[in-house]
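Here are my comments on the model you sent. They cover one pocket and one helix pair.

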Amino acid sequence: MQLHDAHLATRMRGILEFKHKRLGGGTTMYAFIVNPNSRSASALRSGEQLELILKERHIDYQIYFTRHPGHGTKLAAQICDTDADTLVVLGGDGTIGEVVDGIRDLTKMTLAYIPIGSGNDLPDL
């Protein structure tokens with residue numbers, strides 16, 4: 001397992017534990033938006049690693065990949081119309097910004113962010 005994969009697994013465990021312990025558990029549908037261009041090919045590897053973790057834990061999920069600038073906003077808006085109640089973003093500062101712009105009601109969606117971009121300034125704020 002590469003260091004990056006270990007980092008992703010640790011972040012995912014944290015998200016899952018928060019969602020189930022602090023927010024009361026229950027049935028959860030996770031949606032993931034992954035920017036495949038974040039830090040070159042690492043996002044694609046992250047998506048593959050993510051899928052292994054989710055399948056291993058028998059978690060309901062859907063993974064979406066952004067295809068162009070602005071696509072994160074459209075995907076987030078579409079996800080708001082699904083059964084997903086948790087949205088996890090894997091990307092950089094631009095990806096998380098786009099996704100937040102697309103969420104209509106943050107009170108109905110748990111938002112998590114796994115920074116895998118080149119700058120990742122947002123986690124430092």
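The points below take the pocket, then the helix packing.

1. Status. This is a predicted model. Please read every value below as computed from that prediction.

2. Pocket volume. The largest pocket has a volume of about 160 Å³.

3. Pocket lining. The lining of this largest pocket is made up of 13 residues. Nearest the pocket centre lie N35, T66, P69, T95 and E98. By class, the lining has nine polar residues, three charged and one nonpolar.

4. Helix geometry. Helix α3 covers residues 71-79, and helix α4 covers residues 93-102. The two pack with their axes 7 Å apart, at an angle of about 40 degrees. How are α3 and α4 oriented to each other? An angle of about 40 degrees is not under 35 degrees, the cut-off for roughly parallel, and it falls outside 65 to 115, the perpendicular range. The pair is therefore oblique. The crossing of α3 and α4 is right-handed.

5. Helix contact. On the α3 side, the contact residues are H71, G72, T73, A76 and A77. They meet E98, V99, D101 and G102 of α4. This contact has four polar, three nonpolar and two charged residues.

6. Shared residue. E98 deserves a look in both places. It is among the residues nearest the centre of the largest pocket, and E98 is also part of the α4 contact with α3.

Key:
Residues are numbered from 1 along each chain as its sequence is written. This is a predicted model: local features need pLDDT of at least 70, side-chain atom pairs count only at pLDDT 80 or more; totals for chains, interfaces and linings use all residues. Side-chain values use heavy atoms; hydrogens and water are left out. On a 1 Å grid over the protein atoms alone, a cavity is a set of points where a 1.4 Å probe fits but cannot get out, and a pocket is an open set with protein on both sides within 12 Å along at least five of seven lines; lining residues have an atom within 4 Å of a point. Grid points are joined across faces, edges and corners, and a volume is the space filled by probe spheres set on the points. Ala, Val, Leu, Ile, Met, Phe, Trp, Tyr, Cys and Pro count as nonpolar, Asp, Glu, Lys and Arg as charged, and the others, Gly among them, as polar. Axes are lines fitted to C-alpha atoms, for helices over the stretch in contact, and angles run from 0 to 180 degrees between N-to-C directions. Helices (H or I, at least four residues) and strands (E, at least two) are DSSP runs, numbered from the N terminus. Angles under 35 degrees count as roughly parallel, over 145 as roughly antiparallel, 65 to 115 as roughly perpendicular and the rest as oblique. A crossing is left-handed if the near helix is turned anticlockwise from the far one by less than a right angle, and right-handed if clockwise. Contact means heavy atoms within 4.5 Å.
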